[in-house]
Amino acid sequence: MIILGYNGFSQVADLFARLYGHAPDGVDRHNLIGHDAAAALIIDGELVAAVEEERLNRNKKTSAFPLNAIRWCLAQAGLDYDDVDHFAFGWNHDNTYADTTVTAVAGAPLTAEEKLTVLTTFGELYLGALGRTALIEDFTRHTGYALPDHKLVTVPHHRAHLACGRTFAGLTDAAFLINDGQAERDSAIMGEIRNGKVEVFDRFTIDFGNSLAQLFGEITRYLGFVPNNDEYKVMGLAGFGTPPAPEDNPLLGNVVTLEDDGRYALALAHDRRGPRAYAELLDKLFDGHDGNRETFEFRVRLATAAQQLVEVVTAHQLRALAAATDLRDLIFEGGLALNCVNNTKLLEDLPFDRIEVSFGASDPGVSIGAAAHVAQSHAAPLTHTSPYLGPEYDTERIRTALEAHASDVTWEELPTDRIVERTAELLSGKTVIGWFQGRTEYGPRALGNRSILANPSYPDMKDIINNRVKHREPFRPFAPLVLEEDAPTVFDLGKKHRSPYMTFVFPVRPAYREKIAAATHVDATSRIQTLTDESNPLLARLLRAFTARTGVPCLINTSFNVAGEPIVCAPEDAVACFLGTDIDHLVIGNFLVTKR
């Protein structure tokens with residue numbers, strides 16, 4: 001069976017601009033339904049290809065119809081549209097959804113004029129983008145393929161998240177929490193998978209009006225960052241502060257109220273003023289004003305409270321789930337699962353023995369999950385561990401990209417053994433390397449094939465990369481690569497044995513805090529990626545060679561891009577980023593590249 005999963009609506013950006021005033025380059029540019037558009041291909045239970053549309057169209061977190069991604073996936077397998085048995089879409093705005101929405105608006109405490117305005121707007125969005133007819137027309141308009149109605153499978157958004165998590169967790173029976181900004185009508189669900197059957201515990205479901213992830217996004221906006229994009233900056237800022245006692249946190253009780261059965265409610269859940277209402281409330285609670293909102297101290301104080309809020313609320317959810325099931329393995333997916341500081345605390349403080357978060361936990365995973373959901377519904381066994389699912393480029397494509405910039409760069413082509421040794425030698429000094437190898441990794445984090453690498457033993461290396469390379473805020477931390485066999489020596493892993501996707505944070509052991517100073521956050525933790533010789537053979541060889549030279553068991557690994565741009569995908573992207581930054585050398589395939 002051949003299943004192509006995808007996510008992305010071509011009409012959404014225009015509709016949101018016209019109906020809701022979202023400017024294409026405004027602060028809400030990533031708050032579009034269908035963001036992180038992508039495509040993924042499963043053939044007979046094997047995930048053979050997946051790529052995010054942003055890597056190909058170079059528009060970060062794009063919500064556009066993923067034409068480039070779909071074409072690449074099919075070409076990778078030598079297939080045409082007619083060969084595909086099912087096209088699985090990661091949203092399900094079906095007739096029931098539409099009926100429920102109309103009924104809810106009709107019963108809302110609004111004037112008749114307000115109700116008609118809301119319903120008119122909803123109707124335009126539904127008929128123009130969300131509904132089944134709109135999806136089929138969108139597919140046909142972009143691809144030229146008349147998509148048969150029976151081939152389109154619309155998968156509920158949270159079920160797509162869950163199916164993605166199941167694919168990479170390697171678990172059969174497990175409890176689960178899916179918590180993100182918004183699915184069709186909900187923001188969080190919990191339940192269990194037992195004997196292959198998924199059961200959602202409805203009493204734990206949180207509607208989208210009480211979305212914890214959207215609240216965190218509004219706090220991100222209030223602090224001057226971009227919602228649905230910069231929440232990790234708030235998480236990083238929190239490391240500079242000391243959390244208050246929960247009863248002294250102004251957000252707990254005033255903004256979020258914990259309820260029975262793991263439920264919670266937001267104070268402004270139904271306030272139609274949206275961001276303005278949150279700005280007014282946060283000003284009141286934290287004494288915010290024009291003179292202090294963007295100061296570092298104010299941002300840290302609010303970020304620390306917001307991070308603690310996320311930790312308290314999700315722990316409240318999962319205590320209820322743990323009481324409702326005897327399963328002690330947990331799958332955690334959805335955008336909130338990218339809060340890796342929280343993930344570690346949940347694992348250590350709650351009765352679960354194991355928590356797994358995939359590299360596609362946020363909406364990039366929906367395309368994989370939609371296809372996986374269909375495969376799992378047909379009892380097709382589906383497990384996968386590699387994040388390296390995207391395009392790979394041959395030597396001639398790389399050489400052509402270099403020759404196009406022959407006036408700006410020089411290069412030498414070396415055997416693989418020599419390229420590893422030479423790169424390890426360069427990294428021994430205060431050198432920044434752009435590392436471009438093999439297939440593009442999937443998801444929001446660089447996992448070693450499209451990475452910027454550096455020596456973490458230089459304390460100022462963090463500032464060098466933030467200022468001269470990434471062009472981003474100086475408080476942002478960097479993640480270390482470490483061999484799985486060395487990880488327990490360098491980090492206190494607690495219940496974890498491995499962390500291959502950078503989805504958990506661990507304390508750095510005191511003996512290594514200076515040795516990997518540039519990869520140690522201010523709170524003495526690191527978001528690590530563990531490597532094995534099987535997971536990424538070439539990168540593992542490089543790390544071994546580097547450690548043998550320096551005695552340093554880690555390398556800084558950050559995404560190969562600058563702030564605001566997608567991670568590089570093609571050789572041309574890599575060369576352009578190399579030339580536009582203070583990266584010292586580019587190692588692309590077997591070419592060592594230097595600026596003239």
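Here are legends for a set of close-up views of a predicted model, starting with the whole chain.

**Figure 1. The whole protein chain, with its 20 helices and 23 strands.**
The radius of gyration comes out at 24 Å, close to the 25 Å the globule rule gives for 596 residues, so the chain is as compact as a globular protein of that length. Run the principal axes through the C-alpha trace and you get a span of about 70 × 60 × 50 Å. Buried residues account for 58% of the 596 residues. Among contacts with a separation of 6 or more, 73% join residues 24 or more positions apart. On the outside, the accessible surface adds up to about 22,800 Å², and carbon and sulfur atoms own 49% of it. As for charge, there are 56 positive and 80 negative side chains, yet the centres of the two sets sit 3 Å apart.

**Figure 2. T143 in helix α6.**
Helix α6 covers residues 132-143, and T143 is the residue to look at here. T143 is buried, at 14% relative accessible area, because the cut-off for that class is under 20%. A polar atom of the T143 side chain lies 2.7 Å from the backbone oxygen of F139. On the backbone nitrogen of Y145, the distance to a polar atom of the T143 side chain is 3.0 Å. Setting aside residues up to four places away in sequence, T143 touches F65, L67 and Y81.

**Figure 3. Helix α8, largely enclosed by the rest of the structure.**
This helix runs over residues 212-222, and 10 of its 11 residues are buried, so the rest of the structure largely encloses it. The buried set includes the hydrophobic residues L212, L215, F216 and I219, and also E218 and R221. The other buried members are A213, G217, T220 and Y222. At the N-terminal end, S211 acts as the cap: one of its side-chain oxygens lies 3.4 Å from the backbone nitrogen of A213. Just after α8 comes G224, with a positive phi of about 95°.

**Figure 4. D230, in the loop between α8 and α9.**
Follow the chain on from α8 and you reach D230 in the loop that leads to α9 (231-238). Is D230 buried or exposed? With a relative accessible area of 5%, D230 is buried. Leaving out neighbours within four places in sequence, D230 is in contact with T220 and F225. T220 is itself one of the buried residues of α8. For a longer look along the chain, take N249: D230 and N249 are 19 residues apart, and their C-alpha atoms are separated by 22 Å.

**Figure 5. D287, a residue other than glycine with a positive phi.**
Phi of D287 is near 50°. Where does D287 sit? D287 belongs to the loop between α11 (275-286) and α12 (296-324). D287 is exposed, with a relative accessible area of 55%.

**Figure 6. H471, another loop residue, between α17 and β17.**
Here the loop links α17 (461-470) to β17 (479-483). H471 is not a glycine, but its phi is positive, at about 55°. The relative accessibility of H471 is 45%, which makes it partly exposed.

**Figure 7. V153 in strand β5 and its partner across the sequence, V374.**
Strand β5 takes in residues 152-154, V153 among them. V153 counts as partly exposed, at 25% relative accessibility. V153 and V374 are 221 residues apart in sequence, but their C-alpha atoms are 7.9 Å apart in space. Not counting residues up to four places away in sequence, V153 touches V374 along with H86, F87, A88 and F89.

**Figure 8. H585 in strand β22 and the residues around it.**
Strand β22 spans residues 585-588, and H585 is found in it. With 16% relative accessible area, H585 is buried. Which residues is H585 in contact with, leaving aside neighbours within four places in sequence? From one stretch of the chain come L426, T431, V432, I433 and G434. The list of contacts also includes F578, L592, V593 and T594.

Notes. Residues numbered from 1 in each chain as written. Heavy atoms only, no water. Helix = DSSP H or I, 4+ residues; strand = E, 2+ residues; numbered from the N terminus. Rg over C-alpha atoms; globule rule 2.2 N^0.38 Å. Buried < 20%, exposed > 50% of the residue type's maximum accessible area, 1.4 Å probe, protein only. Contact = heavy atoms within 4.5 Å. Areas by Shrake-Rupley, 256 points an atom, 1.4 Å probe, with all protein chains shown as cover. Lys, Arg positive; Asp, Glu negative; His and termini not counted. Charge placed at Lys NZ, Arg CZ, Asp CG, Glu CD. Polar contact = N/O pair within 3.5 Å; in protein donor to acceptor, adjacent residues only side chain to side chain.
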